[in-house]
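Open the model in your viewer and keep the selection tool at hand. Each stop below says what to pick and what to look for.

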Amino acid sequence: MEFSIKSGSPEKQRSGCVVVGVFEGRKPSASCQAIDAASKSAVTEVLRKGDLEGVLGKTLLLHNLPGVPADRILLVGLGREREFGEAAYRTAVSAAAKALKATGASDATVCLTDIPVKRRDTDWKVEHAVLAIMEGAYRFDRLKSKPPENKRSLRKVVLHVARRNEIAAGERAAERGMAIAEGVALAKDLGNLPGNHCTPTYLAEQAVELGKRHGIKVEVLEQKEIEKLGMGCFLAVARGSRQPPKLIVMEYHGGKRDAPPVALVGKGITFDTGGISIKPAGEMDEMKFDMCGAASVLGTMKAIATMRLPLNVVGVIPATENMPGGNAIKPGDVVTTMSGQTVEILNTDAEGRLILCDALTYVEKYKPAAVVNIATLTGAMVIALGHVATGLFANSDALARELIAAGENAWDRAWHMPLWDEYQDALKSNFADFPNIGSRAGGSITAACFLSRFTKAYPWAHLDIAGTAWKSGADKGATGRPVALLSHFLVRRAA
Ligand code: BES
Ligand code: MN
Ligand code: ZN
């Protein structure tokens, strides 16, 4: 997809489709008025007949408007003008993207970016238009035996801005949006690929590929080297699997030579059966998404390398399957972590924290400025926050605030959860330093408490994306979250 920015008369665009907005009460936006005037009130006529009231997200496609060279005009409901803020804007652009996909138009001029949005500037509008349109255009059909009947798909999009002097900033915003959107798409692709395709070895190969294309240094540590590092917990999880584990280490050098890096650590369980504490059969297929944390690290690395951000970032991914088997870990087993602390594994299904804890110790060697780990860690997170917000835990309030703000700007929101000392009491073991689970109460928090015992050396945040990394049901598929949040966080850090 190609995006460009234009100002000037929307009614004169020779385009497959011009997209304009209508507020509730059948009130046309400025660009819509221009088209209405050029077509001798043809739009007003349609609105008067009641075919579109302006309800947010409703669309209406018009053909052959007199006096207008575009093949089609797409009207998009914007809701109440007074309430037109960021949420409404995102809804309107997403609805437009969906409606555009249903047409045969291969190019479009979108005049939603020229409508004032409360508290947001043109940059923000352009970036989010790009993200929403790319979201609407995303498909995952590489595993179908025949490519789906290909209608002509959208290839070129012009985003219309109100004033000429907004074009340069708009172009930069479109580029940023595109870099992030491609990172999101990579994370979705990896997430959607099933466990028999997306193995730890495949993830490692993808990292190496990405590194070659974007000048990121990538090293893949094998079983032997992982043993040498003493990652007893990571290896304990990998024992049950026939697939060899991989520790993927990526270094992006965009900043000063010795500037401390930000480290991103992603949970890379390519399939989570639960191990000996095996999961029930229902929806177990969705545990192919248990590497979405890892996928978000790869997607974010791609985005920031495309943007050539001037800072240093390290991406670390412990990758393995969690399988039952004759060699698998058993409830009650005690293992020693790379940090030297011992863990009693009371439930083999709490495996994410077991692979992350060693990776979190590993990144200490970088003396990182901050560490963010991303993981589909707990079912309890879905109960707490549903599918809207990612759960955020941190040992630094400043870092937490940065990430929350990045999530707001990226429309990929996170919510700050408590990590108070009182919660640490849940982790008590008679046989090792601590167990890998607490009671059911506050399950996401005790998981975060477990990780916090390995992150004392640096400012650290943990994003539990169990509820946000993928969708279930008819729309089943990876969301690519939180690539946008992480990208914004790093854009801000680089500035
Ligand atoms: N990958 C799961 C978490 C998960 C489950 C995410 C369902 C999204 C939907 C994780 O490895 C896990 O199994 N966690 C257990 C922890 C429990 C045994 C303390 C869970 O949440 O049930
Ligand atoms: Mn599990
Ligand atoms: Zn898991």
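The tour starts at the ligand, moves to a sheet, and ends at two backbone details. Keep in mind that this is a predicted model.

**Stop 1: the ligand and its pocket**

Select ligand 1. Where does ligand 1 sit? Its place is the second largest pocket. Now show the residues around ligand 1. There are 16 of them. The closest are Lys 279, Asp 290, Asp 349, Glu 351 and Gly 379. Color this shell by class. You should find 7 charged residues, 5 nonpolar ones and 4 polar ones.

**Stop 2: polar contacts to the ligand**

Stay on ligand 1 and turn on distances. Begin with Asp 272. An N or O atom of the Asp 272 side chain is 2.9 Å from an oxygen atom of ligand 1. Go on to Lys 279, one of the closest residues. Here a polar side-chain atom lies 2.8 Å from a ligand 1 oxygen. Then pick Gly 379. Which part of Gly 379 is 2.7 Å from an oxygen atom of ligand 1, backbone or side chain? The partner is a polar backbone atom.

Switch to a surface view. On its own, ligand 1 has 510 Å² of accessible area. The protein covers 76% of that area.

**Stop 3: an open sheet**

Hide the ligand and select strands E13, E14 and E18. These 3 strands form an open sheet, in the order E13-E14-E18. The pairing in this sheet is mixed. Which are the edge strands? They are E13, residues 334-336, and E18, residues 434-435. Each of these two pairs on one side only.

Zoom in on E14, residues 342-344. Strand E14 pairs with E18 in the parallel sense, over 2 bridges. To see a bridge, select Glu 344 and Pro 435. Pro 435, in E18, is the bridge partner of Glu 344.

**Stop 4: a cis peptide bond**

Select Arg 481 and Pro 482. The peptide bond that joins them is cis, with omega at about 0 degrees. Pro 482 is in the loop between strand E21 (477-478) and helix H15 (483-494).

**Stop 5: a positive phi**

Last, select Lys 40. Lys 40 is not a glycine, yet its phi is positive, at about 50 degrees. Where is Lys 40 found? Look in the loop between helix H1 (30-38) and helix H2 (42-48).

Terms used. Residues numbered from 1 in each chain as written. Chains lettered and ligands numbered in written order. Predicted model: local features only at pLDDT ≥ 70, side-chain atom pairs only at ≥ 80, totals over all residues. Heavy atoms only, no water. Near = heavy atom within 4 Å. Polar contact = N/O pair within 3.5 Å; in protein donor to acceptor, adjacent residues only side chain to side chain. Areas by Shrake-Rupley, 256 points an atom, 1.4 Å probe, with all protein chains shown as cover. 1 Å grid on protein atoms, 1.4 Å probe; cavity = no way out; pocket = protein on both sides within 12 Å on 5 of 7 lines; lining within 4 Å. Sits in = over half its atoms within 2 Å of the grid points. Nonpolar A, V, L, I, M, F, W, Y, C, P; charged D, E, K, R; others polar. Pairing = 2+ DSSP bridges. Helix = DSSP H or I, 4+ residues; strand = E, 2+ residues; numbered from the N terminus.
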